[in-house]
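Got your viewer open? Let's take a walk through this protein, one selection at a time.

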Amino acid sequence: MKKLIRNGILILVALFLLLISYSAAVIIKARVNTLEITGKALSSNVVKLRVENLSAWQINALLKVEDPSFYQHKGIDFRTPGAGLTTITQSLVKIFYFKKFKPGFAKLKQTLIARFALDPMLSKSDQLLLFINNIYLGNVNGHPVHGLYDASMAYYGKTFDKLNENEYLSIVAMIIAPENFSIIKRHEANAQRVERIKKVISGEYKPNSLMDIYYGWLSAETMKGLAPASYFPSLYKNK
């Protein structure tokens, strides 16, 4: 029995050391590559919109929905109500550090890079700049749409500065799940999310947990395709 316990402890210690070694390797590699990765992204022709092109209201609305504690956290946030499991920093890691992101163990790698490489090595301003220019926003006529500027052209046929508040929020509403909240394919679901976002921005609705990211009950049709771990109906029993 003692031998069995000892062997169990040794296995746990070995697994722990293996995890530590893996984490260290991920962090070191990411820190070595981060300046090259972000430098290339910041100087590319993908940058069509500057942070200063967004009004204070637009920035506030985006952060309220996507990353409420963006300027306070260090790349990860598992505490702020409504934040979900992916910060803006983690979204950038998914875009720039993975050829193909598969949920599961990759989440650990994503979190390590966000916390110990990307966030300490890239200013919040530059993170936001990369986010608004690279975030995936659906597919229109067979062409993927990336960034707020291209989304304004693809969905409304106008430049970003010409969007009204509802149009802007309808694009923000898509970020969490572009297909489920598509302006074109799921117009009603998108419009409903826009109205909910407005309540969050005004303070009328306050998310009550980390995973309260839809701000209320979703229909079965809207929920199709959403990751199971991202939605807990029990949160809204008394809403």
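Start with the whole chain in cartoon view: from the N terminus on, the elements run α-α-α-α-α-β-β-α-α-α-α. That comes to nine helices and two strands. Helices here are DSSP runs (H or I, at least four residues) and strands are DSSP runs too (E, at least two), numbered from the N terminus. Along the principal axes, the C-alpha atoms fill a box of roughly 70 × 50 × 35 Å.

Some housekeeping before we zoom in: this is a predicted model, in which local features need pLDDT of at least 70, side-chain atom pairs count only at pLDDT 80 or more, and totals for chains, interfaces and linings use all residues. Residues are numbered from 1 along each chain as its sequence is written, and side-chain values use heavy atoms, with hydrogens and water left out.

**Stop one: the hairpin**

Select residues 136–140 (strand E1) and 143–146 (strand E2); the two run antiparallel and are joined by three bridges. Strands pair if DSSP finds at least two bridges between them. Show tyrosine 136 and you'll find histidine 146 of E2 opposite. Asparagine 139 has proline 144 in E2 as its bridge partner. Now click on the turn: two residues lie between the strands of this hairpin, and asparagine 141 there has a positive phi of about 55 degrees.

**Stop two: crossing helices**

Two packed helices are described by the angle between their axes and the distance between the axes. The axes are lines fitted to C-alpha atoms, for helices over the stretch in contact, and angles run from 0 to 180 degrees between N-to-C directions.

Select H7 (165–174) and H8 (187–202), which pack at an angle of about 100 degrees with their axes 9 Å apart. The two are therefore roughly perpendicular; angles of 65 to 115 degrees count as that, under 35 as roughly parallel, over 145 as roughly antiparallel, and the rest as oblique. Which residues of H7 meet H8? Show Asn166, Leu169, Ser170, Ala173 and Met174 as sticks. Contact means heavy atoms within 4.5 Å. The residues of this H7 and H8 contact divide into six nonpolar, three polar and two charged. Nonpolar covers Ala, Val, Leu, Ile, Met, Phe, Trp, Tyr, Cys and Pro, charged covers Asp, Glu, Lys and Arg, and the others, Gly among them, are polar.

Next, select H2 and H5, whose axes come within 13 Å and cross at roughly 85 degrees. That makes H2 roughly perpendicular to H5. Ile59, Leu62, Leu63 and Glu66 in H2 meet Leu128, Phe131 and Ile132 in H5. The tally for that contact is six nonpolar, no polar and one charged.

**Stop three: the largest pocket**

Finally, turn on the surface and center on Thr86, Ser91, Lys94, Ile175 and Ile176, the residues nearest the centre of the largest pocket among the 38 that line it. On a 1 Å grid over the protein atoms alone, a pocket is an open set of points with protein on both sides within 12 Å along at least five of seven lines, whereas a cavity is a set where a 1.4 Å probe fits but cannot get out; lining residues have an atom within 4 Å of a point.

How much space lies in the largest pocket? About 1200 Å³, counting the space filled by probe spheres set on the points, with grid points joined across faces, edges and corners. Color H2 (56–66), H3 (88–97), H4 (105–121) and H5 (124–134), since each supplies at least two residues of the lining. H3 gives the largest share, three residues. By class, the lining has 21 nonpolar, 11 polar and six charged residues.
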